[in-house]
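Visitor: I am new to this structure. Please take me slowly through one part of it, the residues that UniProt marks as the active site, together with the binding site.

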Amino acid sequence: MSGAYLALADGRVFEARSRSPGRTRGELVFTTAYTGYEESLTDPSYEEQILTFSYPLIGNYGVRAERFESDRVHPRAAIAREFTDEVAAWLADEGVPAIDHLDTRELVTTVREEGAMRCGIAAGPDATPEDAREELANAKDMSEHVDIGSQVSVSSKTTYHGGGEYDVALVDCGVKGSIVDSLTARGADVHVFPYDADGSDVAAVDPDLLFVSNGPGDPANFQQAQSLVESFVGDVPIAGICLGQQIVARAFGGTTEKMRFGHRGVNQPVRDLRTDQVVMTTQNHGYTVDEVGDLEVTQVNVNDGTVEGLECTESNVITRQYHPEANPGPHDSLGFFDDVLELGECRIPVAAD
Ligand SMILES: NC(=O)CC[C@H](N)C(=O)O
């Protein structure tokens, strides 16, 4: 068994077991999800982050590619109390460092109290605490990854056919595969565009709906996607998930801010302000919408009151901060995809009362 070290920005160094060797750095975050490790580890929104699982045993139902959200592992490293051999082998195959046998409760408590923070990891037979500290010294804050979109987006337009009932132009800021699948399963052809696509290329597919995807990093670093949204307001209905909601809010004059430790898990309660119903949702975000500009808040987080849903009936806009595609997680909000495609027919969205 070879050793591993995790150096935190608060000066502490944790000793651990290496399950997949290597050196790396990133922003330390945690998820409380107790299932869905394959989906989380392949979610592009974790790019440049180091993912700690608060659930102690990760891997007890194997590793199956059909559950992947993209074609590679995105967090720079993974941390758990205990990884199964199968997960450790998968991460080693992918060249992504993994460490376990450390007190993940202590790590999660630290992130909750002090906030998501930079960290460095060194794992393998020759790893030293100094190696981990060196990695930490080179770690950037999330907002400093100014071109993170280029690390996760398609490089040219790619179309997924779903029957041609609607044409959806999807701005790929790091889209999860299950979001594309949720749209094609409902009859849409989904034209996936690079995160920095030109408005004229998008207009060329004559979209019924502009959909802004989830993705990693600070929404302020997706200026071109924001301008693209601004140029379609009023002409084409607009929908967004997670980073997509944040970009759309900014396009409508709103603002975004960094949260202390974010929401990552599969049991975040969300209240719909129109129906007063609460649904359980899957979440993975570290930023939140603060000012909402010309949009209306329709859903809020029950725990901390943060913005979970935005709408504008005049301009035909619906966005969600959480993940209605539910991969993994509860299926309570799958109806979002029916609502946005109805919007694609330019109908007024779900009646207010
Ligand atoms: N899943 C996402 O789209 C995450 C959005 C953004 N990167 C955040 O952390 O808030």
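Guide: What follows goes through the active site and then the binding site.

This is a predicted model, in which local features need pLDDT of at least 70 and side-chain atom pairs count only at pLDDT 80 or more, while totals for chains, interfaces and linings use all residues. Residues are numbered from 1 along each chain as its sequence is written, and side-chain values use heavy atoms, with hydrogens and water left out.

The UniProt record, an unreviewed entry, gives Cys-242, His-323 and Glu-325 as "active site"; its positions are in the numbering used here, feature names are shortened, and annotations may be inferred rather than shown by experiment. These residues are spread over 84 residues of sequence, yet they cluster in space, with a largest C-alpha distance of 11.3 Å. Of these residues, Cys-242 is included in the lining of the largest cavity. A cavity is a set of points, on a 1 Å grid over the protein atoms alone, where a 1.4 Å probe fits but cannot get out; lining residues have an atom within 4 Å of a point.

Cys-242 sits in the loop between strand S14 (238–241) and helix H9 (243–251). Helices (H or I, at least four residues) and strands (E, at least two) are DSSP runs, numbered from the N terminus. Cys-242 counts as buried because its relative accessibility is 3%, where buried means under 20% relative accessible area with a 1.4 Å probe and protein chains only. Leaving out residues up to four places away in sequence, Cys-242 touches several residues, among them Asn-284, His-285 and the active-site residue His-323; contact means heavy atoms within 4.5 Å.

Glu-325 is in the loop between strand S19 (317–320) and helix H10 (335–344). At 4% relative accessibility, Glu-325 is also buried. The side chains of Glu-325 and Lys-176 are joined by a polar contact of 2.9 Å, that is, a pair of N or O atoms within 3.5 Å, of which, within protein, one must be able to donate a hydrogen and the other to accept it; residues adjacent in sequence count only if both atoms are side-chain atoms.

For "binding site", the unreviewed UniProt entry lists Ser-45, Gly-215, Gly-217, Leu-243, Gln-246, Asn-284, Gly-286 and Tyr-287. They span 243 residues of sequence but cluster in space, with a largest C-alpha distance of 13.3 Å. Gly-215, buried at 11% relative accessibility, is in contact with residues including Ser-45 and Leu-243. Gly-286 lies in strand S16 (residues 278–289).

Conventions
On a 1 Å grid over the protein atoms alone, a cavity is a set of points where a 1.4 Å probe fits but cannot get out, and a pocket is an open set with protein on both sides within 12 Å along at least five of seven lines; lining residues have an atom within 4 Å of a point. Buried means under 20% relative accessible area, exposed over 50%, partly exposed in between (1.4 Å probe, protein chains only).
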